[in-house]
Amino acid sequence: MMSVIENKVVVITGASSGLGAETARHLAKAGARVVLGARRIERLESLSSELRLHPEAMQKTDVTDRAQMQALVDRAVNLYGRVDVMLNNAGLMPSSMLDKLKVDEWDRMIDVNIKGVLYGIAAVLPYMQKQMSGQIINVSSVAGHKVGPGGAVYAGTKWAVRAISEGLRQEVKPWNIRTTIVSPGAVATELINTITDSDIAAGMAKTYEKAIPASSFARVVEFAINQPDDVDINEVLFRPTTQAY
Ligand SMILES: NC(=O)c1ccc[n+]([C@@H]2O[C@H](COP(=O)([O-])OP(=O)(O)OC[C@H]3O[C@@H](n4cnc5c(N)ncnc54)[C@H](OP(=O)(O)O)[C@@H]3O)[C@@H](O)[C@H]2O)c1
């Protein structure tokens, strides 16, 4: 029997490392046609050759640039004729206490974690409305449910992702579009390398000693996509079993 996921066209942002790259591996193995976006094109090229993707199934993409995001999605549609799933995954987490005034990093998180998701939605929505089907998967976090010292802005961006996703969910019913929020706890990726504050970095490194592999996230995404068309997995929140907060 063919799985639901087979031949689905899945656009993945932040596909050059961590959760995005691992999900591309899982979905490609499950028979999906993945199209990869990120800024580090050499990473995309090596993943693309590892997965034996179509040579055009990737695009250098900065998600803070709306035209580049649109070009990524247009590439998927030009190549495969449709876009079934948009995984808005790109993000960064340069956490710090607010009084450190790392305002450039606040701006960056807002631009990538919030506006990048919105640009991803804008790029796929007209196609999905026309198709009368599609699925938009946005990556939030446990930090989209809880906020702690040092995490104010990052948590703010991840709460925003959940608010935007819930509004989207309600609005896209007429077009049979599914919406999913995936909210992971600590997963081993390059994410904590984006922290520049040495105190926060040390604490986070300790927390991430408990981190679970990126395959945990990839399985959740695969599960959400692999449901029958009339089943909409709206949110999955998961953590390492040993993570308390
Ligand atoms: N790992 C965790 O514990 C965890 C927990 C909760 C939520 N998350 C969320 O999961 C998502 C993926 O993060 P990760 O853990 O996989 O971290 P990661 O390994 O650092 O990957 C982040 C990805 O985002 C991309 N990215 C960053 N800025 C970008 C931009 N301006 N344009 C396009 N792509 C950009 C990076 O690609 P380039 O640098 O090549 O552009 C990279 O592929 C993020 O939204 C993060 O907030 C992670």
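Ile137 is buried, since 25 other C-beta atoms lie within 10 Å of its own, and the cut-off for a buried residue is 20 or more. The structure is a predicted model. Ile137 belongs to strand 5, which covers residues 134-139. Apart from neighbours within four places in sequence, the contacts of Ile137 are Val85, Met86, Leu87, Asn88, Thr180, Val182, Val221 and Ala224. For one of these partners, Val221, the C-alpha to C-alpha distance from Ile137 is 8.0 Å, across 84 residues of sequence.

**Nonpolar core**

Val221 also appears among the residues with the most contacts inside the largest nonpolar core, together with Val10, Val11, Ala24, Val34 and Leu36. This core has 64 residues. Helix 4, residues 103-131, supplies the largest share of the core, with 8 residues.

Val11 has its own set of partners once neighbours within four places in sequence are left aside: Val35, Gly37, Leu72, Val73, Ala76, Val83, Met86 and Leu87. Met86 and Leu87 are thus in contact with both Val11 and Ile137.

**Chain as a whole**

The chain holds 7 helices and 7 strands. Read from the N terminus, their order is β-α-β-α-β-α-β-α-β-α-β-α-α-β. Of contacts between residues at least 6 apart in sequence, 70% join residues at least 24 apart. The pair Ile137 and Val221, in contact and 84 residues apart, is one example of such a long-range link.

The radius of gyration is 17 Å; a compact globule of 245 residues would have a value near 18 Å, so the chain agrees with that expectation. Along the principal axes, the C-alpha atoms fill a box of roughly 50 × 40 × 35 Å. Buried residues make up 43% of the 245 in the chain.

**Shell around the ligand**

The ligand is surrounded by 29 residues, and the closest of them are Gly14, Gly18, Arg39, Arg40 and Gly91. Helix 1, residues 18-29, gives the most to this shell, with 3 residues. The shell divides by residue class as follows.

| Class in the shell | Number of residues |
|---|---|
| Nonpolar | 12 residues |
| Polar | 12 residues |
| Charged | 5 residues |

Two of the closest residues, Arg39 and Arg40, fall in the charged class, because Arg counts as charged. Gly14, Gly18 and Gly91, also among the closest, are polar under this scheme because Gly is placed in the polar class.

Methods:
Residues are numbered from 1 along each chain as its sequence is written. This is a predicted model: local features need pLDDT of at least 70, side-chain atom pairs count only at pLDDT 80 or more; totals for chains, interfaces and linings use all residues. A residue is near a molecule or strand if its C-beta atom, placed from the backbone, lies within 6 Å of it. Helices (H or I, at least four residues) and strands (E, at least two) are DSSP runs, numbered from the N terminus. The radius of gyration is taken over C-alpha atoms; the globule rule is 2.2 Å times the number of residues to the power 0.38. A residue is buried if 20 or more other C-beta atoms lie within 10 Å of its own, exposed if 12 or fewer, and partly exposed in between; C-beta atoms are placed from the backbone. Two residues are in contact if their C-beta atoms, placed from the backbone, lie within 7 Å. A nonpolar core is a set of buried Ala, Val, Leu, Ile, Met, Phe, Trp, Tyr and Cys residues joined through C-beta atoms within 7 Å.
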